[in-house]
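Here is a short guided tour of a structure, written for someone meeting it for the first time. Keep the picture open beside the text as you read.

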Amino acid sequence: MKKVLSVLSVATLSLSLVLAGCGSKEAQPQGQTGANGGATGSAPTIKVAMVTDVGGVNDNSFNQSAWEGLQKLQKDLNLPQDNVNYLQSTSDAEYVPNLTQFVKDKWDLTWGIGYLMGDHLKKVATENPDSKLAIIDAEVDAPNVESVLFKEHEGSFLAGVVAAKMSKSKKVGFVGGVEIPVIKRFELGFEAGVKAVDPSVQVIKVYTGAFDKPDVGKSTASSIYGQGVDIIFHASGGTGDGVFNEAKDRKAKGQDVWVIGVDKDQSLTFGDEITLTSMVKRVDEAVYLVSKDLTEGKFEGGKIKWLGLAEDGVGLASTSTKNVPEDVLKLAEEYKQKIVKGEITVPDK
Amino acid sequence: MNKVIAVFTKESFLVPLVAIILGLLTGAVAMLAGGFNPVKAYVALLEKVFGSAYNFGETIRQITPLIFTGLAVAFAFRTGLFNIGAEGQFIVGMVASTAVGVSFDLPAYIHAPLAIIAGAVAGGLWGSIAGYLKAARGVNEVITSIMLNWVALYFANWVMNAFFIPAGQQRSEMIQDSAVITISWLSAMFDSARLHWGTLIAILAAIFFYVILWKTKSGYELRAVGLNPHASEYAGMNVNRNVVKAMFIGGMFAGIGGACEILGVFHYQAIMTSQPGYGFDGIAVALIGGNTPLGVVLAAILFGILTFGSAGMKFGAGVPVELIRVVIASVIFFVAAHGIVKIFVKPILKKKKEGGN
């Protein structure tokens, strides 16, 4: 018995060694083609990287959107595959080393995605004054950092207009992630939009304290729908998955409830039966444009860029026509024009 | 020379070593299945960790809290308790040290030690809640300590929001300079990696762990209770008191770990949306280290290298993060599954015995 086992163990070990050997042979030509692809690439070759926050690159939200922006950049500029890359952070201790990894490796531009990364990105930027960095959702005051922020309140205002028009119970809900300035802008804009259409509509607002807890999102949505609300607008990243889940359950039982998605067109993920519309935030466009500007030598370090309705940085998803009647969309468009012209100022604090 | 060989072929050393190798091989197979080159990936991992002064320093930063939480779990384990609550004890340690670090204005030689002691006491008290419930009411410490993790997380966020976070911010004010335990000259040597005195304290804590358990009377009692509570009680030891004591000391280790993370790495405390994870990793570290102080330190080094180096595998060899987790998990799996590993080790041990004859 023991002999058999010892033979088996030796066999396993040698087999895995052989397998490992095969692997190295196989992978080599792949690496070479990658390098060749780079050589044949067109003139502007830049290397752009991003570091996600703890949400990770598959968060169905702004991290994913940012990565899509970089992938688009790679395709459009015909860059080699390896010229765009990302690192995922599993805790806030990793933001600094992850950003530093790209900076020390002389990448042309390194993105930090998310408000939570502000302080960490600033530290890296000050320690490496020759590097170029950019950040989404936070203001970083350093000469080598370009900050990109969105006027979420303007886009959310339109979501509020749609919600107030479509609500039958005259009660709408808001589910927020963590109560930080970014999310506060969603909340205030949404409420202002609702009140602009009909001041008698009640807005129930709840912060869940997390961006990554679908279970909490589901129970929160359950209690809000339970109070007679029929439309919830969520700005809570992955937590919002639970809001959609609860809406789906209630829809199956015959209740007439809706969710307004956030950041991306969430009807593509969760279906048209429950997604009324989405307040999209074009993180992908922002990442794409700022990175592309770099190839033309235009990097606006130290500048803070605000993208609102006028710049098409925020707005309602194009698929809204499926569930929202035309006259409501028309009204939203009217409000949009008023905001763009400055006739209406949406509160953001 | 024979003695050295004897140490390295001892079963307690050989089993974890073989487990690590098996884990890495399983990880390699997983990477092959995914179409990645495992050799390149492991080289990239090592390059990430040892390739530059900065990254090497950051690896040490990553290892330090793992030593503390590993010791916290291992210490309780020696008294027969499964301390899943290192996470919570770590968090309250962070809170206490932030409170002391922000609020007081003292000379550095008092301020920093005071902040660390505050963290230690807070972590210890948090741990002893679970210990007390076990001793007085017989509540299983696994349940209470895991629940207390969540209590600690939300309690920490509440304390921060209520007392230390300026309006509209996501983090507390910076701690006073006098409470900072960063070693600036060493940090400068390592290309501004965040190195701090906590690493030295962690090594001292491991020595303290050894001395108290194996060189003192009360340590003897703690271990006796762990081996057989009934026999210990019959021999006249107070089992309940030892249970609380073990959880207090275990919690203290985790609490100091949390304090060092604030005072040495961040210098402020942010609102946490999820648990930092060092406590749970500490369970694996204690397990790999066989609940001995030296083992814990070595296991923390391994774990720290794997977690910090994983970014290198992504960066250098394009291996996705999910696959890197598979590698780490398979190492833990084989360490936990002693039985499987022993099958592989047996032939070696048998040969050694025959050679001896």
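A residue counts as buried if 20 or more other C-beta atoms lie within 10 Å of its own. By that test, buried residues make up 50% of the 349 residues in chain A. Keep in mind that this is a predicted model.

**How confident is the prediction?**

The model as a whole scores ipTM 0.74 and pTM 0.79. For chain A the mean pLDDT is 85, with 87% of its residues at 70 or more. Chain B has a mean pLDDT of 89, and 94% of its residues reach 70 or more. One stretch calls for care: over residues 15-42 of chain A, pLDDT stays under 50. In that stretch the model has 27 contacts beyond four places in sequence.

**Chain A at a glance**

Chain A contains eleven helices and twelve strands. Its domain assignment gives domain 1 (10-150 + 282-307) and domain 2 (152-280 + 317-340). How many residues of domain 1 of chain A are in contact with domain 2 of chain A? Ten are, and they meet eleven residues of domain 2. On the domain 1 side, the touching residues divide into three nonpolar, four polar and three charged.

Contacts in chain A often link distant parts of the sequence. Among contacts between residues at least 6 apart in sequence, 71% join residues at least 24 apart.

**Where the two chains meet**

Between the chains, 31 residues of chain A are in contact with 29 residues of chain B. Helix 1 (2-40), strand 2 (84-87) and helix 3 (95-104) of chain A each supply at least two residues of the chain A side. The largest share comes from helix 1 of chain A, with ten residues. Sorted by class, the chain A side has 14 nonpolar, twelve polar and five charged residues.

**The largest nonpolar core**

The largest nonpolar core has 210 residues. Those with the most contacts inside this core include Ala66(A) and Trp111(A) from chain A, and Ile67(B), Leu71(B) and Ile256(B) from chain B. Helix 12 (residues 239-266) of chain B gives the most to this core, 16 residues. Both domains of chain A take part too: domain 1 (10-150 + 282-307) and domain 2 (152-280 + 317-340) each provide at least three residues.

Let us zoom in on two members. Ala66(A) is part of helix 2 (residues 62-76) of chain A. Why does Ala66(A) count as buried? Because it has 25 C-beta neighbours inside 10 Å. Leaving aside residues up to four places away in sequence, Ala66(A) touches Met50(A), Trp111(A), Ile113(A), Ile136(A), Val283(A), Asp284(A) and Val287(A). Tyr288(A) is 222 residues away from Ala66(A) along the chain, yet their C-alpha atoms are separated by 8.2 Å.

In chain B, the contacts of Ile256(B) include Phe68(B), Gly93(B), Ile116(B) and Gly119(B), again not counting residues up to four places away in sequence. Ala120(B), Gly123(B), Ile201(B) and Ala205(B) are also among the residues that Ile256(B) touches.

**Two helices of chain B**

Helix 6 (residues 108-137) of chain B has 30 residues. From its first C-alpha to its last, helix 6 reaches 43 Å, close to the 44 Å expected at 1.5 Å a residue. Just after helix 6 comes Gly138(B), with a positive phi of about 70°.

Helix 13 (residues 278-288) of chain B is largely enclosed by the rest of the structure, because ten of its eleven residues are buried. Among them are Tyr278(B), Asp281(B), Ile283(B) and Leu287(B). Helix 13 is followed by Gly290(B), whose phi is positive, near 60°.

**Two aspartates with positive phi**

Chain A offers two cases of a positive phi in a residue other than glycine: Asp137(A) and Asp263(A). The table sets them out together.

| Residue | Phi | Location in chain A | C-beta neighbours inside 10 Å |
|---|---|---|---|
| Asp137(A) | near 75° | loop between strand 4 (133-136) and strand 5 (145-150) | 24 neighbours |
| Asp263(A) | near 70° | strand 9 (residues 258-263) | 26 neighbours |

Are these aspartates buried or exposed? Asp137(A) counts as buried because it has 24 C-beta neighbours inside 10 Å, and Asp263(A) counts as buried with 26.

Methods:
Residues numbered from 1 in each chain as written. Chains lettered and ligands numbered in written order. Predicted model: local features only at pLDDT ≥ 70, side-chain atom pairs only at ≥ 80, totals over all residues. Core = buried A, V, L, I, M, F, W, Y, C linked by C-beta atoms within 7 Å. Buried ≥ 20, exposed ≤ 12 C-beta atoms within 10 Å, placed from the backbone. Helix = DSSP H or I, 4+ residues; strand = E, 2+ residues; numbered from the N terminus. Domains from an automatic or database assignment. Contact = placed C-beta atoms within 7 Å. Nonpolar A, V, L, I, M, F, W, Y, C, P; charged D, E, K, R; others polar. Expected span 1.5 Å × (residues − 1). pLDDT = per-residue confidence, 0-100.
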